[in-house]
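Let's take a walk through this structure together. We will begin at the ligand and then step back to the chain around it.

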Amino acid sequence: MPGYHVKYQTATVGGTDYLIRSLLNLQQYSDPQGEAELAGISSASWSLFGHIWPSARILAEAMHTFDLTGKRILEIGAGLALASLVIHRRAGDMTVSDWHPLSQAFLKENLLLNKLGPLKYQTGNWESANPELGQFDLIIGSDVLYERQQPGQLAAFIDRHAAPSAQVIIVDPDRGNRVGFCREMTGLGYDYTTRRANSFIENGEPFKGRFLTFTRSLELEFS
Ligand SMILES: C[S@@+](CC[C@H](N)C(=O)[O-])C[C@H]1O[C@@H](n2cnc3c(N)ncnc32)[C@H](O)[C@@H]1O
């Protein structure tokens, strides 16, 4: 027995059904080896990775049609990584990251459930250096700005893993840390635009939130 309960649900993205194993509810908690505690994950936030948050569905819908050509793509704070599964199905060059000790195991199970091949996974803790992670042309994330320290932490992490010319797309459900995050990113030299996401998710549920899009272009100067 793993010490937590799961459920199976279907998430439809762009008309394609994804069968997803998730935690039964946000009350689940199990950390028998203390791995989550060691990583800095509190018991109150342990279950957050194991739920498909509404912003994940919005990001996944966007990735169903997004131009992926030639891009190395990283999902940060991926949780159950729905957007990454969509990109992987489209044969994008995808890497999934999170800091939760169970995130990779759930990813493997969900790849099998959807008859998808292996997908790159790297632990990506925003609070520390992750030298193995590398750099990416497109960095995506959903609902990753819910704690006070996250704007600064996340902006610095993104900057360490963004290629010299890069785009960053975050779906945020109108949380209070959005403004601070945009300030941190502009301070690091990124231009940004925001736009309201659709008011409804594909499953008919209402959604209130935005796309935050940041870009940085390296202009080569020749003398
Ligand atoms: C609210 S959940 C969102 C999960 C998923 N992106 C979604 O929208 O369904 C926040 C995610 O960020 C991850 N996370 C939080 N703090 C982190 C950190 N310091 N480093 C890496 N991941 C982190 C959590 O493990 C969790 O998966």
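**From the ligand outwards**

A good place to start is Asp98, where an N or O atom of the side chain lies 2.6 Å from an oxygen atom of the ligand. Keep in mind as you look that this is a predicted model. The protein covers 97% of the 590 Å² of accessible area that the ligand has on its own.

The backbone takes part as well. At Trp53, a backbone N or O atom is 3.1 Å from an oxygen atom of the ligand. Gly79 also has a polar backbone atom to look at, and this one is 3.5 Å from an oxygen atom of the ligand.

Now widen the view to the surroundings of these contacts. Where does the ligand sit? You will find the ligand in the largest pocket. Around the ligand there are 17 residues, and those that come nearest are Gly77, Asp98, Gly124, Trp126 and Ser142. What mix of residues makes up this shell? Eight of the shell residues are nonpolar, seven are polar and two are charged.

Finally, step back to the whole chain. Six helices and nine strands can be traced along the chain. Its C-alpha trace spans about 65 × 40 × 35 Å along the principal axes. How does the radius of gyration of the chain agree with that of a compact globule? For 223 residues, a compact globule would have a radius of gyration near 17 Å, and the chain has 17 Å, so the two agree.

Note on methods. Residues numbered from 1 in each chain as written. Predicted model: local features only at pLDDT ≥ 70, side-chain atom pairs only at ≥ 80, totals over all residues. Heavy atoms only, no water. Near = heavy atom within 4 Å. Polar contact = N/O pair within 3.5 Å; in protein donor to acceptor, adjacent residues only side chain to side chain. Areas by Shrake-Rupley, 256 points an atom, 1.4 Å probe, with all protein chains shown as cover. 1 Å grid on protein atoms, 1.4 Å probe; cavity = no way out; pocket = protein on both sides within 12 Å on 5 of 7 lines; lining within 4 Å. Sits in = over half its atoms within 2 Å of the grid points. Nonpolar A, V, L, I, M, F, W, Y, C, P; charged D, E, K, R; others polar. Helix = DSSP H or I, 4+ residues; strand = E, 2+ residues; numbered from the N terminus. Rg over C-alpha atoms; globule rule 2.2 N^0.38 Å.
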